Each structure stands twice: as structure tokens, then as C-alpha cells.
Amino acid sequence: MNIQRERVTGCARITTALLGVIAAHAANAQCPHAWAQGFGDPGLGMNDGPMAWAVFDPDGPGGTPAALHVGGWFGAAGGVHVNHVARWTGTGWAALADGISGANVLAMAAYDPDGGGPFPGALFVGGDFFTAGGISAPRIARWDGASWAPVAGGLLGGVVRALAVFDDGTGEMLYAGGDFQTSSGNPVPRIAK
């Protein structure tokens, strides 16, 4: 009986020692995954915080490839004046016309409102702005790859904080969420499609 108990106790000591060695080795091992500079060069960063991201392809197959678009608090990206919204070209940042004037972009979504193809027809941006590309666009605007346009009557009474595309069974629709209350005089308390 003592022999059996000693074997069990001895196995427990060996197991505990092995687990300690494995844990120590794992703690000292370098993780193969790590964060790196976003685009490999610190000069390609932004002068303030990005808040929203979307991949948008204005042309579809055979045209300009899909690109990463970023919106936020920043006015410059990679030294380029972009006015709160920018497109990554593969080598640097580019402005979207005159960008968003005087306020921040907080949400972005690529959406094809016409349902004309497999590629989104427009990039929608939301935030606390009133002007996009020099035109009136209260809190929400549409970028088609070349110019800005307003979206319906805008969203008034608060900020657009989120945009998402969702199919509720009747087809894809763009949904907006935030602090807003009305659109074109109609009540849309904090969520609209």
C-alpha cells in the first residue's frame, strides 16, 4: 500500500514539475503573432484617431480594385490633407474630394442601394458633420467613388454612430443608429433604414 501511494505521489510530483517546465517555456517563448505598424511606415499614420473602416469597390470587376476607406477624427493621413475620410491606394492615402467638413466620421458601410450588382455601389459615412464635399449632408453622406451626395433628408437631432447593411428577408437595406431623432421631419428615434 505504501509502495502504491509513493508511486502516485511520485507521479504527481513529476507531472507537476513537467507542467511547471512547460508553463515556464511557454511564458518565455516568443509569440509568432504581433502587431506591427499599420502600413509599414510610421509616416503613413494619421494625426488623430480613426473611428470607422470599410472596404469599398466603386467600379466592380475590371475597374479600380477595392480599397480600404477610413473615417474618423483625423484631418491628415500620411501627410495628406484628407478631412476626416481617406482611401488607401496601396502605397499611400488619398482624399475623397474635399472630404467631410468640420466634424468627425464615426461610421461607414459599403452598400448598393440600387441592387445592381455584386459590388457595392456607394460608400456611406455617418457622424456629427453637416457638409460632405462642400454640399449639405446632415450627419450622413454617400460617396460613389467620384463625388459626394446627401442621403435623403439626412438625420437630425443627434449623431450617426453606426451603419450596417442587413437583409430582413425583403432585401438588403442600410441601417443607421445613433442619437438622431428625425429625417425630413419624420420621426426616426435613434434607428432608421
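Biologist: What is in contact with Phe129, leaving aside its neighbours within four places in sequence?

Modeller: Contact means heavy atoms within 4.5 Å. Phe129 is in contact with Ile100, Ser101, Ala103, Asn104, Val105, Ala137, Pro138, Arg139, Ile140 and Ala141. The model is predicted, and local features need pLDDT of at least 70, side-chain atom pairs 80 or more, while totals for chains, interfaces and linings use all residues. Residues are numbered from 1 along each chain, and side-chain values use heavy atoms, without hydrogens and water.

Biologist: Why is Tyr111 called buried or exposed?

Modeller: Buried means under 20% relative accessible area, exposed over 50%, and partly exposed in between, with a 1.4 Å probe and protein chains only. Tyr111 has 9% relative accessibility, so Tyr111 counts as buried. Phe124, at 4%, therefore counts as buried as well.

Biologist: How do you know whether Gly79 is buried or exposed?

Modeller: The relative accessibility of Gly79 is 75%, so this residue counts as exposed. Gly79 is placed in the loop between strand S3 (76–77) and strand S4 (80–81), strands being DSSP runs (E, at least two residues) numbered from the N terminus.

Biologist: Why is the pair of Tyr111 and Phe124 called stacked, tilted or edge-to-face?

Modeller: Rings of Phe, Tyr and Trp (its six-membered ring) pair if their centres lie within 6.5 Å; planes under 30 degrees apart count as stacked, over 60 as edge-to-face and the rest as tilted. The centres of Tyr111 and Phe124 are 5.8 Å apart and the planes stand at 55°, so the pair is tilted. Tyr111 lies in strand S8 and Phe124 in strand S9, 13 residues apart.

How values were computed
Helices (H or I, at least four residues) and strands (E, at least two) are DSSP runs, numbered from the N terminus.
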